[in-house]
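This report is meant for a reader who meets the structure here for the first time. It moves from the whole chain to one strand and its neighbours, and then to a few residues and regions that deserve separate attention.

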Amino acid sequence: MIMSTLVLDNGAYTAKVAYSHQSVSIIPNCQFRSKTSRLKTFTANQLDEIKDPSGLFYILPFQKGYLVNWDVQRKVWDHLFGKEMMKVDFADTSVIVSEPLFNFSSIQESMNEILFEEYQFQSVLRINASSLSAHHYFQTNPLELCCLVVDSGYSFTHITPYCRGRKMKEGICRINVGGKLLTNHLKEIISYSFFVFMIMSTLVLDNGAYTAKVAYSHQSVSIIPNCQFRSKTSRLKTFTANQLDEIKDPSGLFYILPFQKGYLVNWDVQRKVWDHLFGKEMMKVDFADTSVIVSEPLFNFSSIQESMNEILFEEYQFQSVLRINASSLSAHHYFQTNPLELCCLVVDSGYSFTHITPYCRGRKMKGGHLQLHVMDETHVINQVKEDVCYVSQDFYQDMSVAQLKGQENTVMRDYVLPDFSSIRKGFCKTPEEMVFSGKYKTGEQILRLANERFAVPETLFHPSDIGIQEMGIPEAVARSIGTMPEEMQPHFYKNIVVTGGNCLFPGFRERVHRDVRALAPTEFPVSVLLPPNPVSYAWEGGKLLADNPDYDEMVVTREDYEENGHFICEDTFDV
């Protein structure tokens, strides 16, 4: 009975594989697709079968140095272990397989299950590639006591000391520089060298339910209402987006919204808004030479996604499209500006929903998504809300103050409503200007607010106060993080990013931090980041994404769509 040993150095870019008595084969550890064979996938060394590799792109099992796409890895291993290559008899084969330093236990457990339970190898040795290199060195240099292995690969460079064959763990260093970074840098240089000959503009559109944030990736963002308006005095005329300023008397102003309950359902209105955005008055889009990044809600309906594909490709005829969630754009922004962080939790509290989404190494962790149906507003009080409301740090204390009389009630504010002649925009009187007894002599229309100032935003933290059976944001944050693997949870607690219009309430960030701190394990540090402009943070992430060297691999071109239809969008976009 002969026991064969298969040696597999399972790298992030190439797999080095052979039986221990054979010469090594080095093959790509990935799958490929090309424009001419978009529906067919090629695995590992099947690359030679692709006749036209001009549009070739990778589907990698590794992201940022860790094995996260097991579907792709299984297919590569099926190819390696199968009849085309190693013809493995699993029952009589032992396998030595490499894994990265600092690997997650959840990945190690998945590898154990796949190697033992699915492939049923007779025995397994999981080991770091640097330890195999050190073993090689000591075997060929038996008089040496120590060595330092510098393993500079596709994702990382690891520096690992060994003494008498043992790894000195306290001396291990990781540098986040590898072959992929160098490839991307070269791609940037080449792309820049050729930009004179071919310029492809990228339009970034964060298409929110209340505002649209739009501009080309090399410009500053414009934030405009994503709706149409009508007023009593101009009932037959409709005003679109930022044409609001043309209305002389907006006293009877009301919205016609493309979104209802967070989803894009009124395509007639959305087309008119986009016609205005893309047209001569604003972006002057040349569709044939423009790629568009457009946001869509989490948990979107497939029928809405298909309608969006048809409108963007068939009606406007953009050259290429990337549909993506706003939270993913925010996560991309965060990781680009915080490259040493492994994880983040995006809390996007907007017009219709609050979404809570965990990300690890740039990838969405789908098991931890939470959606809260809390905020959905109308226009009149919207301006009052933005000018007057705040998030209480001590609800019961503020409530007791709000019940006091006269100047002792430091919570009370008088809001001056617009009359659209002398007062175009409402404003809040200072405490010194307020009249606590009697009427104002100026004849202004006054809206007096006390506990309403903090009771309305409190809905974000205790929706049950107004009969909405939902968790508040802090509880949802803790629950989302609790669904993640234990070793990741500290990283999420110290990287909470809050975005969206509701984050503009004074005290919002501090209250989220206080309440999450109370729910988190005491040994975990908690940090909540409020960006300088939480409304445009996702758009800025799209701007950064447009300059990503891998951007061309994320989009669907009009040619791809015309050839493959909705399937190619469903297959490409992670929404």
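The term pLDDT stands for the predictor's confidence in each residue, on a scale from 0 to 100, and a contact means heavy atoms within 4.5 Å. Both terms are needed here, since this is a predicted model. Over residues 376-380 the pLDDT stays under 50, and the model has 11 contacts beyond four places in sequence for this stretch. Over residues 192-198 the pLDDT likewise stays under 50, but here the model has zero contacts beyond four places in sequence. Where pLDDT is low, the predicted coordinates should not be read in detail. For the chain as a whole the mean pLDDT is 86, and 87% of the residues reach 70 or more.

**The chain as a whole**

The secondary structure comes to 17 helices and 34 strands. Of the 575 residues, 49% count as buried, while the chain exposes about 28700 Å², of which carbon and sulfur atoms supply 53%. Among the contacts between residues at least 6 apart in sequence, 63% join residues at least 24 apart.

**Strand β26 and its partners**

The strand β26, which spans residues 354-360, is mostly covered, for seven of its seven residues are buried. In a regular strand the side chains alternate between the two faces of the sheet. In β26, Thr354, Ile356, Pro358 and Cys360 point one way, whereas His355, Thr357 and Tyr359 point the other way, and all of them are buried. The table lists the strands that pair with β26, with the number of bridges and one residue pair for each.

| Partner of β26 | Sense and bridges | One residue pair |
|---|---|---|
| β25 (residues 343-349) | antiparallel, seven bridges | Asp348 and His355 |
| β27 (residues 363-364) | antiparallel, two bridges | Tyr359 and Lys364 |
| β28 (residues 370-372) | antiparallel, three bridges | Thr354 and Leu372 |

Two of these pairings are also hairpins: β25 is joined to β26 through four residues, and the hairpin of β26 and β27 has two residues between the strands.

**Two residues with positive phi**

Most residues other than glycine have a negative phi. Which residue takes a positive phi in the hairpin of β26 and β27? It is Arg361, with a phi near 50 degrees, and this residue lies in the loop between the two strands. Arg361 counts as buried because its relative accessible area is 10%, which is under the 20% cut-off.

Gln317 also has a positive phi, of about 65 degrees, although it is not a glycine. Gln317 is found in the loop between helix α6 (302-315) and strand β24 (320-325). With a relative accessible area of 40%, Gln317 is partly exposed, whereas Arg361 is buried.

**A nonpolar patch on the surface**

On the surface, Ile175, Val177, Leu181 and Leu182 form a nonpolar patch, and together these residues have about 340 Å² of accessible area. Leu182 belongs to helix α4, which covers residues 179-193. Is Leu182 buried or exposed? Leu182 is exposed, because its relative accessible area is 55%, which is over the cut-off of 50%.

Conventions. Residues numbered from 1 in each chain as written. Predicted model: local features only at pLDDT ≥ 70, side-chain atom pairs only at ≥ 80, totals over all residues. Heavy atoms only, no water. Buried < 20%, exposed > 50% of the residue type's maximum accessible area, 1.4 Å probe, protein only. Areas by Shrake-Rupley, 256 points an atom, 1.4 Å probe, with all protein chains shown as cover. Patch = residues over 30% accessible without salt bridge, like charges linked within 9 Å, V, L, I, M, F, W, Y side chains within 5 Å. Salt bridge = Lys/Arg side-chain N within 4 Å of Asp/Glu carboxyl O. Pairing = 2+ DSSP bridges.
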